[in-house]
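This short report looks at how distant pieces of a protein chain are held side by side. Please keep the sequence and the 3D view open while reading.

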Amino acid sequence: MKRKGRIVFAAALTTLGLGLTACNDGEDEAVGQESPSASAPASTAPSSASPSAEPSDDASTAPSGDVAAPGTKLKVGDRAVVPFTYGTSKKGTVAITVTAIEKGTEADMAPFGDKAKGMTPYYIRMKVENVGGTDLSYSSLRLRGKLAGGAPTGVILIGDLPGKCDSETAPRDFTTKGASYETCSLSATKTDPITVASFEEGDAYSDSPVLWTS
């Protein structure tokens with residue numbers, strides 16, 4: 001079924017969220033209830049938003065191979081090992097290496113519609129490795145873009161920009177230790193630049209994420 005994008009504003013919220021909408025029996029059903037939403041027409045990648053707190057000043061960088069503690073601070077290019085759960089049946093340990101936080105152009109946001117004007121996209125590129133050797137095939141992992149110091153952007157995006165930032169799922173053979181793939185998470189801002197990538201999946205990291213700074 002043909003999909004169309006829409007931006008929905010909630011009067012009680014002051015931030016703008018971009019989410020996925022789908023056509024359902026002639027009516028649009030918005031996905032992503034925490035904030036207003038919009039979508040790129042071809043995207044179906046799920047996303048979830050978790051509020052995050054700025055990490056404590058004494059958070060330390062985890063050595064290679066050790067599980068990164070909540071609040072760990074890293075630099076782009078560093079590798080962090082974290083527990084990972086996908087759905088109800090897939091659970092394991094992965095290593096994430098953020099390879100770049102790239103700035104796009106406002107024109108790149110055109111698929112999200114006119115109300116995305118004034119937003120600058122950022123492409124968080126990463127490598128994901130299967131560290132635990134469990135079956136994590138077809139899972140997907142997302143990092144969130146943050147402003148300097150870990151402050152939120154005020155924009156939530158669901159989806160990707162094909163050819164510029166493709167959110168890939170793990171391949172079928174992502175079932176053994178050492179298997180890896182590359183993917184991209186899309187973020188955007190209307191204010192300050194995005195300089196931080198944030199891992200906030202799971203209860204331990206939702207309030208104290210692992211952060212990579214460019």
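Which residue does the disulfide join to Cys-165? The model is a predicted one, and in it the disulfide joins Cys-165 to Cys-184, with an S to S distance of 1.9 Å. The structure holds one disulfide, and this link of Cys-165 and Cys-184 is left-handed, with -100 degrees about the S-S bond. Because Cys-165 lies in the loop between S7 and strand S8 (180-189), while Cys-184 lies in strand S8, the pair ties together parts that are 19 residues apart in sequence.

Are the two cysteines buried or exposed? Since buried means under 20% relative accessible area, the values in the table place Cys-165 among the buried residues, and they do so for Cys-184 as well.

| Residue | Relative accessible area | State |
|---|---|---|
| Cys-165 | 0% | buried |
| Cys-184 | 3% | buried |

Strand S7, which comes before the loop that holds Cys-165, also belongs to a sheet. This sheet is open and has four strands in the order S3-S10-S9-S7, with mixed pairing. Its edge strands are strand S3 (73-75) and strand S7 (144-146), each of which pairs on one side only. Neighbouring strands of the sheet are turned against each other by 30 degrees on average, with direction ignored.

At the S3 edge, the pairing can be followed down to single residues. Strand S3 and strand S10 (residues 210-213) run parallel and are joined by three bridges, and the bridge partner of Lys-75 in S10 is Thr-213.

Terms used
Residues are numbered from 1 along each chain as its sequence is written. This is a predicted model: local features need pLDDT of at least 70, side-chain atom pairs count only at pLDDT 80 or more; totals for chains, interfaces and linings use all residues. Side-chain values use heavy atoms; hydrogens and water are left out. Two strands pair if DSSP finds at least two bridges between them. Helices (H or I, at least four residues) and strands (E, at least two) are DSSP runs, numbered from the N terminus. Axes are lines fitted to C-alpha atoms, for helices over the stretch in contact, and angles run from 0 to 180 degrees between N-to-C directions. A disulfide is a pair of cysteine sulfur atoms within 2.5 Å. Buried means under 20% relative accessible area, exposed over 50%, partly exposed in between (1.4 Å probe, protein chains only).
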